[in-house]
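Thank you for making time this morning. Please have a look at the model on the screen, and I will then take you through it one region after another.

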Amino acid sequence: MAITGAGIDGAPLGGDRSDGARGAGDERPGGATRAGHDLLVALAGRLPDRSLWRLRDWLAADATVALRTALPRTLLRHRVGVTETERVLLREAVTTWGGPLRLVDAVLHAESAPEPSVTFAEPGRSAWDAADLVLRALLPTVGDVGEVRRAWRSGPTAGEVRVVLVSAAGDLAALTGAVQRALRAHGGADPGVEVIGAGTVTTSYHRAALAASDVLWRAGAPASVSASAPERSPGLPGPRSGVVPSPPELVRHG
């Protein structure tokens with residue numbers, strides 16, 4: 001899964017900065033939409049699944065009039081704090097969309113992202129199902145995708161939940177919306193979809209999901225992969241132009 005190591009231009013991706021401000025030389029293209037997307041990735045495992053997928057669906061649909069207040073109010077309602085890096089993203093998104101800065105300032109502060117309160121099943125425990133096959137067929141056609149992985153998550157307030165991790169470039173918010181819709185069409189009421197690009201802030205939630213994940217599809221891998229045993233090879237194919245490379249571990253920060 002993306003993001004340890006170097007990006008397409010040789011610069012290091014990620015870094016230990018989930019609880020600190022972005023450096024002066026950091027660049028995260030995509031404006032407010034990308035800021036909102038990266039923030040919603042960082043909030044995985046902290047906001048309820050239903051709230052998270054709805055916010056991501058609105059972002060994919062460019063429903064910024066709703067998001068400019070719904071995003072900070074959701075954080076306030078669930079008493080979820082944000083780190084300084086995350087507040088920068090929140091402020092950029094909300095103010096660009098014309099939302100009130102007072103809501104951003106009212107969101108609680110967190111020194112760092114909390115450790116996940118959920119557990120992930122051991123990788124390789126199940127064969128592909130219909131949703132996995134749909135993702136394998138869909139994702140290579142809808143975006144500049146480097147790799148697709150799937151893990152199974154369980155926790156105190158929900159049953160087993162599929163978590164899909166995608167390394168990609170381009171319009172990450174739109175890609176997230178497309179994957180969520182595909183999973184909902186196959187019975188996933190509150191789909192967990194983490195689309196990660198160069199510079200996306202990730203947390204220990206994503207590292208735990210990655211460690212328990214199976215590869216569904218990887219750019220450059222052979223087309224014939226057994227549907228009964230998802231691939232877990234750590235080999236690195238040549239990524240597509242602009243796509244985050246896919247080493248066997250996620251970023252080291254969070």
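Let me begin inside the protein, with the residues that line its largest cavity, which are Ala44, Gly45, Asp49, Leu52, Arg56, Arg153, Asp190, Pro191, Gly192, Glu194 and Tyr205. I should say straight away that what you see is a predicted model, and everything I describe has been computed from it. A search of the whole structure finds one cavity of 30 Å³ or more, and the space inside the largest cavity comes to about 60 Å³. Sorted by class, its lining holds five charged residues, four nonpolar ones and two polar ones. Two elements, α2 (49-60) and β4 (192-196), each supply at least two residues of this lining, and the largest share, three residues, comes from α2.

For those of you who are seeing this protein for the first time, here is the overall layout. The protein has eight helices and five strands, and along the sequence they follow the pattern α-α-α-α-α-β-α-β-β-α-β-α-β. There are 254 residues in the protein, and 48% of them count as buried.

Tyr205, which is one of the residues that line the cavity, leads to another feature. How many aromatic pairs are there? The count comes to one aromatic pair. Its partners are Phe120 and Tyr205, arranged edge-to-face, with 5.6 Å from centre to centre and 70° between the planes. The pair links distant parts of the chain, since Phe120 sits in strand β1 (residues 119-120) while Tyr205 sits in helix α8 (residues 204-211), 85 residues apart. Are these two residues buried or exposed? Phe120 has a relative accessible area of 15% and is therefore buried, the cut-off being under 20%, and Tyr205, at 4% relative accessibility, counts as buried by that cut-off.

Let me turn from the cavity to a pocket. The second largest pocket has a volume of about 290 Å³, and of the 16 residues that line it, Val161, Arg162, Gly188, Ala189 and Asp190 lie nearest its centre. The elements that give two or more residues to this lining are α2 and β3 (158-169), with β3 providing the largest share, three residues. By class, the lining of this pocket has seven nonpolar, five charged and four polar residues. You may remember that Asp190 also appeared in the lining of the largest cavity, and α2 was named there as well.

Next, I would like to look at the loops. Arg46 lies in the loop between α1 (31-42) and α2, and because its relative accessible area is 14%, under the 20% cut-off, Arg46 is buried. Which backbone oxygens lie close to polar atoms of the side chain of Arg46? One belongs to Ala42, at 3.0 Å from a polar atom of that side chain, and another belongs to Gly81, at 2.8 Å from a polar atom of the side chain.

Two other loop residues deserve a careful look at their backbone. Most residues other than glycine have a negative phi. Asp62, however, has a positive phi of about 60° although it is not a glycine, and Asp62 lies in the loop between α2 and α3 (64-77). Arg79, in the loop between α3 and α4 (84-96), likewise has a positive phi, near 55°. With a relative accessible area of 52%, Asp62 is exposed, because the cut-off for that is over 50%, and Arg79, at 64% relative accessibility, counts as exposed too.

I will finish with helix α6, where a simple check can be made. Helix α6 (residues 130-142) has 13 residues, so at 1.5 Å a residue it should span 18 Å, and its end C-alpha atoms are 18 Å apart, which agrees. At the N-terminal end of α6, Asp129 acts as a cap, with a side-chain oxygen 3.2 Å from the backbone nitrogen of Ala131. Which residues of α6 are buried? They are Ala131, Asp132, Leu135, Arg136 and Leu139. An α-helix has 3.6 residues a turn, so residues three or four places apart point the same way. With that in mind, please follow Ala131, Leu135 and Leu139, which are among the buried residues of α6, along the helix on the screen.

Terms used: Residues numbered from 1 in each chain as written. Predicted model: local features only at pLDDT ≥ 70, side-chain atom pairs only at ≥ 80, totals over all residues. Heavy atoms only, no water. Helix = DSSP H or I, 4+ residues; strand = E, 2+ residues; numbered from the N terminus. Expected span 1.5 Å × (residues − 1). Buried < 20%, exposed > 50% of the residue type's maximum accessible area, 1.4 Å probe, protein only. Polar contact = N/O pair within 3.5 Å; in protein donor to acceptor, adjacent residues only side chain to side chain. 1 Å grid on protein atoms, 1.4 Å probe; cavity = no way out; pocket = protein on both sides within 12 Å on 5 of 7 lines; lining within 4 Å. Points joined across faces, edges and corners; volume = space filled by probe spheres on them. Nonpolar A, V, L, I, M, F, W, Y, C, P; charged D, E, K, R; others polar. Phe/Tyr/Trp six-rings, centres within 6.5 Å; stacked < 30°, edge-to-face > 60°.
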